[in-house]
Amino acid sequence: LYVDGAADLHSKTAGIGGVIYLNEEEISCFSEPLYDKTNNEAEYLAMIKGIDTLVELEAKNVDIFADSQLVVKQVLGQYKVKNDRMKILCKQVVSGLRHIENWNISHIRRENNIRADELSKIGMEKARSEK
């Protein structure tokens with residue numbers, strides 16, 4: 001699972017995107033608009049949506065990749081979550097992960113997250129056009 005979030009504070013629009021691969025083949029993807037969310041909220045919401053999709057697919061062994069180092073380290077407990085809104089979202093991620101047998105979350109560079117980045121920007125564009 002690769003996830004990404006995008007946000008534009010000026011237009012108050014955001015988007016999430018994610019893609020699931022099995023044996024290097026894309027088996028599922030999502031792109032959704034958001035409104036009045038920060039970039040970190042979008043990153044968390046993308047991860048939540050991706051994990052929910054993995055649970056629906058009954059995935060057992062999962063590698064999750066995100067280009068937000070902050071979100072990855074907060075979920076892994078390496079960074080403290082100070083913001084109250086982020087605490088709620090982090091708890092949702094951790095709760096969702098309980099439904100997956102074996103998982104690993106890793107931070108990756110943005111250039112290695114091109115498809116999820118593209119999908120998050122499509123979601124943000126949809127939010128802009130609907131506003």
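A residue counts as buried when its relative accessible area is under 20%, as exposed when that value is over 50%, and as partly exposed in between. The structure shown above is a predicted model, and this briefing takes up helix H4 (residues 114-130), the largest pocket, with a volume of about 290 Å³, and two residues other than glycine that have a positive phi, Lys12 and Asp36.

**Helix H4**

- Helix H4 comprises 17 residues, 114-130, for which a rise of 1.5 Å a residue gives an expected span of 24 Å, and the C-alpha atoms at its two ends are 24 Å apart, so the expected and the computed values agree.
- The buried residues in H4 are Ala116, Asp117, Leu119, Ser120, Gly123, Met124 and Ala127; because they cover an arc of only 165 degrees around the axis, they are placed on the same side of H4.
- An α-helix has 3.6 residues a turn, so that residues three or four places apart point the same way.
- On the face of H4 that is turned away from the buried side, the exposed residues Ile114 and Ser129 are found.
- The packing partners of the buried residues of H4 are the strands S1, S2 and S3, of which S1 spans residues 2-8, S2 spans residues 13-22 and S3 spans residues 25-35.

**The largest pocket**

- The largest pocket, at about 290 Å³ in volume, has a lining of 14 residues, and those that lie nearest its centre are Ile20, Tyr21, Leu22, Leu54 and Asn61.
- Two or more residues of this lining are given by each of strand S2 (13-22) and strand S4 (61-66), and S4 supplies the largest share, with four residues.
- Sorted by class, the lining of the largest pocket consists of eleven nonpolar residues, two charged residues and one polar residue.

**Positive phi outside glycine**

- Lys12, which is not a glycine, has a positive phi of about 55 degrees, and its place in the chain is the loop between strand S1 (2-8) and S2.
- With a relative accessibility of 47%, Lys12 falls in the partly exposed class, because that class takes in values between 20% and 50%.
- Asp36 likewise is a residue other than glycine with a positive phi, here near 55 degrees, and Asp36 belongs to the loop that lies between strand S3 (25-35) and helix H1 (39-56).
- The relative accessible area of Asp36 is 54%, and Asp36 is therefore exposed, since the exposed class begins over 50%.

Note on methods:
Residues are numbered from 1 along each chain as its sequence is written. This is a predicted model: local features need pLDDT of at least 70, side-chain atom pairs count only at pLDDT 80 or more; totals for chains, interfaces and linings use all residues. Side-chain values use heavy atoms; hydrogens and water are left out. On a 1 Å grid over the protein atoms alone, a cavity is a set of points where a 1.4 Å probe fits but cannot get out, and a pocket is an open set with protein on both sides within 12 Å along at least five of seven lines; lining residues have an atom within 4 Å of a point. Grid points are joined across faces, edges and corners, and a volume is the space filled by probe spheres set on the points. Ala, Val, Leu, Ile, Met, Phe, Trp, Tyr, Cys and Pro count as nonpolar, Asp, Glu, Lys and Arg as charged, and the others, Gly among them, as polar. Buried means under 20% relative accessible area, exposed over 50%, partly exposed in between (1.4 Å probe, protein chains only). The expected span of a helix is 1.5 Å times one less than its number of residues. The arc is that of the directions from the helix axis to the C-beta atoms. Contact means heavy atoms within 4.5 Å.
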